[in-house]
Amino acid sequence: MPQGFEYHNGNGTLCLIGQYDEHTDTFTEEHSQSIDYGIDFYAPQAVLSPDGRRIMIGWMQNWDTCSLRTSEHPLWYGQMSLPRELSVKNGRLYQQPIRELEQLRGVRTAYQKVPVNGLVSLERVRGRKADLELSIRPQEGERLYRKL
C-alpha cells in the first residue's frame, strides 16, 4: 500500500533492514523502504567489491513498458542502471553512484540561470552521452507546475 513516496508505483523493489539471528535463523525487521523511486528499476543485484564496498546494479525496464518503442530505436528494451554504492545509516539505505564513474568524465561545462522556453541548445553540450546535474526553478513569482 502506498505511503507517501514509499511503495507508490506497484513495480518497486523493497529493502528490509533489521537484525538476523544465526542461532534461531530469524530476521527481525526494523525498517523497510523502496530501493528506487522510479517506475523502471527491476531485479537489482548486489556484489562486494575488492575494497569492501557493497555495489548494486539493476535493470531499468519493467514488463509494463516493454512495448514502448520508437521507429528510431525499435530494438531498445532497456539497460542496466549506473552501479550504486550502498550504505546503511540510522536504519536507512543510502545510495551513491560509484566513485569509478569520475574517471569517465571529461572537461566540465557549466551553465547557470539559463532561461528555458522551448528548445534550448548550449555550446559544448553535445554528443551521444552526457552526465547532467540539473536544477530547475521557476522564475520569481511563477509556479513550477500548472493546474490543468
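## The β3–β4 hairpin

Strand β3, residues 42–48, runs antiparallel to strand β4, residues 54–60. Five bridges join the two strands. One bridge can be named by its residues: Tyr 42 is partnered with Trp 59 in β4. The model is predicted, so these features describe a computed structure.

β3 and β4 form a hairpin with five residues between the strands. Gly 52 in this hairpin takes a positive phi, near 95°.

## Overall make-up

The protein has seven strands and zero helices. From the N terminus, the order of elements reads β-β-β-β-β-β-β.

The protein has 148 residues, and 17% of them count as buried. Its accessible surface comes to about 13,300 Å². Carbon and sulfur atoms hold 53% of that surface. Take the contacts between residues at least 6 apart in sequence: 33% of these join residues at least 24 apart.

## The β6–β7 hairpin

Strand β6 covers residues 84–89. β6 pairs with β7 in the antiparallel sense, over six bridges. Within this pairing, Val 88 has Leu 93 of β7 as its bridge partner.

Two residues lie between β6 and β7 in their hairpin. Asn 90 sits in the turn and has a positive phi of about 50°.

## The largest pocket

The largest pocket holds about 2,200 Å³ of space. Its lining counts 43 residues. Closest to the pocket centre are Tyr 111, Leu 132, Glu 133, Leu 134 and Ser 135.

By class, the lining of the largest pocket breaks down into 21 nonpolar, 14 charged and eight polar residues.

## The second largest pocket

The second largest pocket holds about 280 Å³ of space. Its lining is made of Met 60, Gln 79, Met 80, Ser 81, Leu 82, Pro 83, Arg 84, Gln 95, Gln 96 and Pro 97. Two elements give two or more residues each to this lining: β5, residues 79–80, and β7, residues 92–97. β7 gives the most, with three residues.

Five residues in the lining of the second largest pocket are nonpolar, four are polar and one is charged.

## Met 60 and Ser 81

Two lining residues of the second largest pocket, Met 60 and Ser 81, can be followed further. Met 60 is found in strand β4. Ser 81 lies in the loop between β5 and β6. Met 60 and Ser 81 are in contact.

How does their exposure compare with the cut-offs? Met 60 has a relative accessible area of 29%, so it is partly exposed. Buried means under 20%. Ser 81 has 5% relative accessibility and therefore counts as buried.

Leaving aside neighbours within four places in sequence, Met 60 is in contact with Asp 40, Gly 78, Gln 79, Met 80 and Ser 81. Gly 78 is 18 residues from Met 60 along the chain, yet their C-alpha atoms are separated by 5.6 Å. With the same neighbours left aside, Ser 81 is in contact with Phe 41, Ile 57, Gly 58 and Met 60.

Technical notes
Residues are numbered from 1 along each chain as its sequence is written. This is a predicted model: local features need pLDDT of at least 70, side-chain atom pairs count only at pLDDT 80 or more; totals for chains, interfaces and linings use all residues. Side-chain values use heavy atoms; hydrogens and water are left out. Helices (H or I, at least four residues) and strands (E, at least two) are DSSP runs, numbered from the N terminus. Buried means under 20% relative accessible area, exposed over 50%, partly exposed in between (1.4 Å probe, protein chains only). Contact means heavy atoms within 4.5 Å. Accessible areas come from the Shrake-Rupley method with a 1.4 Å probe; for residues, only the protein chains shown count as cover. Two strands pair if DSSP finds at least two bridges between them. On a 1 Å grid over the protein atoms alone, a cavity is a set of points where a 1.4 Å probe fits but cannot get out, and a pocket is an open set with protein on both sides within 12 Å along at least five of seven lines; lining residues have an atom within 4 Å of a point. Grid points are joined across faces, edges and corners, and a volume is the space filled by probe spheres set on the points. Ala, Val, Leu, Ile, Met, Phe, Trp, Tyr, Cys and Pro count as nonpolar, Asp, Glu, Lys and Arg as charged, and the others, Gly among them, as polar.
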